[in-house]
Amino acid sequence: MVWDSEYQITRINHACELLIGRSEQEVKGALLSILFPTDWTERSMNLIHTTHEGVKWETVEIPIVHQNGTVRSVLWNSATITDPGGTKPIATIAQGRDISVEKSLMQEKERAIVQIQENIAKLAILNDGIRNPLTIIEALIEMEGGDQLSASVKTQIIRIDEMVTTLDREWVKSVKILDYLRRHNEICSHFIRNER
């Protein structure tokens with residue numbers, strides 16, 4: 001998109017039309033502020049004012065509101081065109097890339113990692129919560145005697161203990177998977193941050 005020194009939209013391309021849900025004819029001559037979510041208007045306009053102060057954006061995230069009310073996260077870069085003397089801004093050209101899906105995926109990954117951490121912690125507590133009573137039951141049965149009852153209970157204790165051992169192994173695998181996801185998520189986050 002292009003805007004003039006008064007921050008009025010002078011041109012948008014087809015991709016921008018799709019992003020905002022409006023045609024170039026609808027927005028041409030309108031103030032840029034119509035493109036931003038209400039709670040972002042002031043901050044966005046402050047960033048845009050910097051383009052006329054000679055600041056060239058490498059990348060800056062400014063959300064855009066679609067005509068239907070949905071908000072898209074967009075990474076922008078810009079260049080300001082000045083008069084022949086290089087002192088007075090004439091227009092600014094900016095290009096953006098919609099990163100809404102990427103941000104959503106990153107947030108989803110982060111939520112998944114937190115959920116996995118919680119599940120692993122609960123699994124560790126569950127394992128201890130099962131093993132400790134089993135140890136007490138086994139000790140009580142040995143103290144009471146009764147060979148047939150004792151053998152039957154001990155068989156069940158062994159079965160339950162084997163199940164808990166399986167849970168322990170799965171817990172170890174889950175911790176390894178979580179570590180992998182953390183490393184992969186950090187790599188992805190680092191990659192996305194560096195693209196900005």
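**Notebook: surface patch, hairpin and core**

I began at the surface, where I81, I90 and I93 make a nonpolar patch of about 260 Å². The model is predicted, and I read every entry below with that in mind.

I looked up I81 next. I81 sits in strand β4. Is I81 buried, partly exposed or exposed? Its relative accessibility is 46%, so I noted I81 as partly exposed, since the partly exposed class lies between 20% and 50%.

From β4 I moved to its partner. β3 and β4 run antiparallel and are joined by six bridges. I checked one pairing: E61 has L75 as its bridge partner in β4. The two strands form a hairpin, with five residues between them. In the turn I found G69, which has a positive phi of about 100 degrees.

How many of the six residues of β3 are buried? I noted five, so β3 is largely enclosed by the rest of the structure.

I then turned to the largest nonpolar core, which has 21 residues. Which of them touch the most other members? I wrote down M1, L32, L35, F36, I64 and W76. The elements that give two or more residues to this core are α1 (14-20), α3 (41-51), β3 (60-65) and β4 (71-82).

My last entry is on I64. I left aside its neighbours within four places in sequence and listed its contacts. I64 is in contact with L19, I20, L35, F36, P37 and T70, and also with V71, R72, V74 and W76. Among these contacts, L35, F36 and W76 also stand with I64 in the group that touches the most other core members.

Methods: Residues numbered from 1 in each chain as written. Predicted model: local features only at pLDDT ≥ 70, side-chain atom pairs only at ≥ 80, totals over all residues. Heavy atoms only, no water. Core = buried A, V, L, I, M, F, W, Y, C linked by side-chain atoms within 4.5 Å. Buried < 20%, exposed > 50% of the residue type's maximum accessible area, 1.4 Å probe, protein only. Helix = DSSP H or I, 4+ residues; strand = E, 2+ residues; numbered from the N terminus. Contact = heavy atoms within 4.5 Å. Patch = residues over 30% accessible without salt bridge, like charges linked within 9 Å, V, L, I, M, F, W, Y side chains within 5 Å. Areas by Shrake-Rupley, 256 points an atom, 1.4 Å probe, with all protein chains shown as cover. Salt bridge = Lys/Arg side-chain N within 4 Å of Asp/Glu carboxyl O. Pairing = 2+ DSSP bridges.
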